[in-house]
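Colleague: I should be grateful for a close look at the strands of this model and how they pair. Please add a word on the helix contacts afterwards.

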Amino acid sequence: AALPARRGQACKRAAVSKPGEVSSHDPYQETHMDTTDEGELEETEVEEAELSLVDEADAVAASEDAALGLVSEGEEDVTLIESSDEDAPDRASAYREALRLMGDDDLGSEEESENSSEDDLGSGGWSEMSGEEEAAFAAAGDATATIEYKASKVDPDWRASTAPPQTAKSKAPELELTTEAVDQAAADIDAEEALPSAEAAPSLPLTDGGIAGWPATLDGVPELPAQPTSGEIIMPPSKLPGIVEDIREIDPEYYTTADPIMNVELGWLAFNWRVLALALSPATPVFERLRFVAIAGRNLDEFYMKRVGGLKRQEAAGIDHLRRDRTTNFFTPDQQLEYIAEATHEMVQAQVAVLMREIMPGLRDHGVSLLAYPELTDAEKAGLRTIFRDQLEPMLTPLAIDPGHPFPYISNLTISLAVVLRDPMDDSSKLAIINVPSQLKRWVRMTSREGHAFISLEQIIAANLDCLFGGMAIDSTHAFRVTRNADVDRHEDEADDLLEMITDEMRLRKFAPFVRLECEAGMPQPIIDRLMEELNILPRDVFPSAGPLSLGEIDGIDVDFGMDASLTFPPWTARTSTRFKLAKDGPTSAIFDEIRHGDILAHHPYESFGSSTQLFVARAARDPQVAAIKATLYRTNNDSPIIKALSTAAENGKQVAVLVELKARFDEARNVGFAQKLEAAGVNVAYGLVGLKTHCKATLVVRREEDAPGGLRSYCHLGTGNYNASTAAIYTDLSLFTCDPAVGKDVHDLFKYLTGYHRQDSYLKLLVAPQKMQRTFLKCIDREMANAKEGLPARVVVKVNGLTSSTMVEKLYEASQAGVQVDLIVRGTCILRPGVPGVSENIRVVSTIGRFLEHHRIFRFENAGTPQYFMGSADWMPRNLLRRVEVVTPVEDRKLQGELETILQSCLDDTKQTWEMRPDGRYALAEAQTEEMWEDGAGWGDGAQQGLMAHYRKRDRKYNKKQAKKAGLPKSSATKPLPAGL
């Protein structure tokens with residue numbers, strides 16, 4: 001299991017791996033099914049990919065268990081055949097796609113033109129994926145245990161496996177400074193110095209601000225916020241501006257609406273502080289700390305594009321003067337923008353401080369360096385100058401700013417350089433702009449250095465600007481970055497074609513007004529003033545930084561080397577649900593046979609998305625007895641197997657109808673492409689409903705069966721998350737599979753409503769928004785209140801991503817005052833204040849933040865001792881309950897209810913990853929995390945998510961032992977995982 005020395009530091013797990021065992025897979029590495037040249041799956045390839053999808057994960061999981069010491073001596077642990085999971089995308093690209101945390105769930109405005117990006121630890125995820133999805137290796141027989149990130153090269157010596165690598169997709173061009181280039185540059189320098197008669201190349205000394213970039217020292221870097229290493233931790237570190245600590249200072253009439261109690265925007269910033277806390281915590285592995293800095297940065301990008309952009313539109317429209325109630329209980333747009341700017345400045349300072357003072361030095365200790373330009377040798381600078389001349393200069397356009405040259409176009413979220421020039425002819429000062437090419441990878445690999453070093457593109461350009469401004473003296477260059485408003489007004493009622501409207505909106509967004517300017521801390525004030533004037537922003541919209549700009553890209557370095565396992569979270573490979581294990585080896589009909597035996601619940605990413613939801617759709621596409629498939633698509637990943645399966649179904653003559661929600665914010669272009677691809681395959685595609693977003697996650701499969709009433713039976717999938725393999729690897733979501741006739745009829749009626757002209761006011765079992773979902777939830781709480789007054793058991797437990805509905809908050813306050821115990825697990829923004837005497841003393845609010853993005857929505861009502869459970873796509877926010885099509889389904893199977901109870905209690909009992917809201921609106925983490933929490937073989941019970949990993953691992957081992965005994969396998973086979981693919 002030893003790695004070749006030249007591939008970098010060996011992973012600790014390699015020391016305990018045994019020959020013949022499969023490796024521990026990085027849960028973020030994505031694998032894709034092979035395609036033909038035309039991009040379509042052949043029938044045999046669909047079948048092979050589907051089978052391989054579920055052939056290795058148990059072997060992988062068992063090898064993890066063995067490596068982590070989780071199999072006790074003498075304990076049998078049989079690994080049945082599973083696959084390396086498609087839920088395992090490459091970490092960097094998965095985070096860029098999925099950890100846009102706050103989009104859909106926390107960044108949406110209260111108008112239907114809200115941001116709708118489906119998160120991610122950020123979750124949200126978290127900025128848009130660039131479209132690059134890297135090659136992954138087949139894992140069969142692999143004995144190495146390296147952690148793999150965005151592999152930019154395929155090295156045949158890296159792996160001992162005979163399985164060939166998959167074909168890499170096209171990706172952004174990458175620059176690299178090699179040892180040979182540096183050696184050649186050093187030789188050229190020596191040659192020039194050996195010729196005293198030779199005229200030296202003209203040097204252009206940089207004055208004052210110097211080149212763009214960040215300092216090689218900590219001068220000017222802010223101090224870290226105080227973080228206790230033990231005991232309780234409070235976030236945000238200081239009180240949010242404008243927020244009162246005691247809500248009893250406010251008139252009770254405004255408890256559910258007053259901004260000083262918990263303004264939605266400030267509440268979102270409080271959530272982002274809890275995300276950033278994982279980066280601030282020294283216990284978090286250092287590469288994961290880097291990633292959480294990036295996640296928090298991407299969150300802020302989308303927050304400013306959408307929420308701040310919306311407030312600026314309100315301010316420009318004069319909303320301040322239209323508000324009838326001018327009391328202090330409500331903030332004007334201008335007040336909110338002031339408070340947001342104050343709170344954001346503090347957060348950005350904390351990001352920069354932890355990055356520069358702890359994370360980057362910590363990475364250097366492990367051989368990973370993000371370099372500042374002054375740290376380079378002369379030979380390295382000369383080598384980079386050659387790269388600049390050959391590969392960068394032809395792409396760059398210097399843009400003068402004077403009366404004859406208007407201010408240039410600057411793209412959203414891109415880095416530019418402000419260049420201060422001096423004309424030697426008249427000693428006049430001039431200003432020019434250089435846009436850094438966004439189509440190139442920002443981080444240039446320095447393979448010439450020992451270890452793994454990177455230099456940013458903007459620093460290379462800044463150091464070689466004399467090539468672009470001949471005859472001019474360059475006084476200084478300063479990097480800056482702009483953010484544009486993404487809150488574009490929509491007029492759906494006037495649109496003749498939603499597809500055309502969305503296309504026009506994407507075009508308009510490119511030229512939207514500016515809402516934020518980020519710049520280097522050393523940028524002179526006159527340049528800032530000029531940029532503010534041109535961008536039409538105020539001083540509060542300017543954010544100087546003593547570190548790298550664009551922190552959302554800081555985790556985008558290409559890491560194609562074996563990384564020390566201590567830098568990352570221990571690996572997790574999703575298990576296949578035991579019910580789906582029984583179906584995977586049978587014919588295409590086996591999965592439907594299993595669903596007929598009883599409802600199935602899959603819990604992602606603890607259980608595989610690929611061998612459950614994806615398998616369900618793939619089998620339906622190929623099953624000759626399936627007559628029709630209907631599905632809703634809100635967001636899905638590039639090269640989605642779901643899209644391919646639906647296209648295959650249509651090509652096989654099945655009736656296929658898909659609603660593609662084009663209004664999914666920041667994913668419009670991708671969804672337009674998916675819709676057109678489906679239409680080309682013969683799928684009937686609808687683009688959504690005018691005035692409503694379709695956010696529900698539903699698939700209906702209609703199958704011919706002789707014993708079914710009328711000869712047709714409906715199979716349904718209802719979920720809390722998107723049909724997206726990338727996000728399924730890092731979002732916690734639920735998938736329910738059922739053939740309940742009542743649910744099937746409800747889903748039929750739902751699709752009639754979505755694709756045709758059909759009014760549906762009531763459903764047999766489903767709760768559907770915007771029709772009656774909110775009313776039903778209110779009735780459930782009323783029932784709990786009545787039970788409490790009669791002395792019967794009364795309790796409400798809700799797990800959602802956001803709680804901002806004043807109607808629901810008001811009802812929960814009433815329930816608390818009636819004696820109902822209310823437990824709220826709210827990951828993001830919550831406007832309710834718990835624990836206030838006489839108001840909410842029976843309410844508890846917690847928020848779980850961990851390596852996975854908490855994303856499922858679960859509802860439990862005690863019902864006098866006979867609990868009712870629901871799960872679905874809706875948060876308790878006005879947009880979900882009133883302005884979207886959402887679906888929540890009851891979960892009636894007692895065993896599945898027990899699984900939901902385990903999830904809820906894991907959060908409510910946790911003290912390591914779950915924050916609890918205090919009466920003053922800030923959050924407390926009862927126990928500071930420790931490094932031991934993340935060590936291999938230790939701490940798996942620390943934290944809600946670690947506890948669930950242990951739960952599913954234990955359940956898997958128990959099932960495997962039972963199957964081994966049933967199969968009469970010898971005892972030796974129970975402790976040694978089978979080779980993958982056998």
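Modeller: The account below begins with one strand and its partners, then turns to an open sheet and to two helix pairs. Please keep in mind that this is a predicted model.

Let us start with strand E10, which spans residues 514-520. This strand is mostly covered, since seven of its seven residues are buried. Strands of a sheet pair through backbone hydrogen bonds, either parallel or antiparallel. E10 takes part in both kinds of pairing: with strand E9 (residues 473-484) the sense is antiparallel, over five bridges, whereas with strand E11 (residues 542-545) the strands run parallel and four bridges join them. Individual residues help to locate these pairings. On the E9 pairing, Arg484 stands opposite Phe514 of E10. On the E11 pairing, Cys519 stands opposite Pro544 of E11.

An open sheet of four strands offers a second example, and its order is E1-E7-E8-E3, with mixed pairing. Strand E1 (176-177) and strand E3 (368-371) stand at the edges; each has a single partner strand, so one side of each is left without a neighbour in the sheet. Within this order, strand E7 (residues 443-446) and strand E8 (residues 452-456) run antiparallel and are joined by four bridges. One of the residues to look for here is Met446, whose bridge partner in E8 is Ala453.

The helices may be read in a similar way, by asking how their axes are directed. Helix H16 (residues 613-622) packs against helix H17 (residues 641-651) at an angle of about 15°, and their axes are 8 Å apart. Because of this angle, H16 is roughly parallel to H17. The crossing of H16 past H17 is left-handed. In the contact, Thr613, Gln614, Val617, Ala618 and Ala621 of H16 meet Pro641, Ile642, Ala645, Leu646 and Ala649 of H17. Sorted by character, the residues of this contact are eight nonpolar, two polar and no charged.

The other pair consists of helix H8 (residues 286-316) and helix H9 (residues 333-365), whose axes come within 10 Å and cross at roughly 165°. H8 and H9 are therefore roughly antiparallel to each other. H8 also passes H9 in a left-handed crossing. The residues of the contact of H8 with H9 divide into 20 nonpolar, six polar and five charged.

Methods. Residues are numbered from 1 along each chain as its sequence is written. This is a predicted model: local features need pLDDT of at least 70, side-chain atom pairs count only at pLDDT 80 or more; totals for chains, interfaces and linings use all residues. Side-chain values use heavy atoms; hydrogens and water are left out. Axes are lines fitted to C-alpha atoms, for helices over the stretch in contact, and angles run from 0 to 180 degrees between N-to-C directions. Helices (H or I, at least four residues) and strands (E, at least two) are DSSP runs, numbered from the N terminus. Angles under 35 degrees count as roughly parallel, over 145 as roughly antiparallel, 65 to 115 as roughly perpendicular and the rest as oblique. A crossing is left-handed if the near helix is turned anticlockwise from the far one by less than a right angle, and right-handed if clockwise. Contact means heavy atoms within 4.5 Å. Ala, Val, Leu, Ile, Met, Phe, Trp, Tyr, Cys and Pro count as nonpolar, Asp, Glu, Lys and Arg as charged, and the others, Gly among them, as polar. Two strands pair if DSSP finds at least two bridges between them. Buried means under 20% relative accessible area, exposed over 50%, partly exposed in between (1.4 Å probe, protein chains only).
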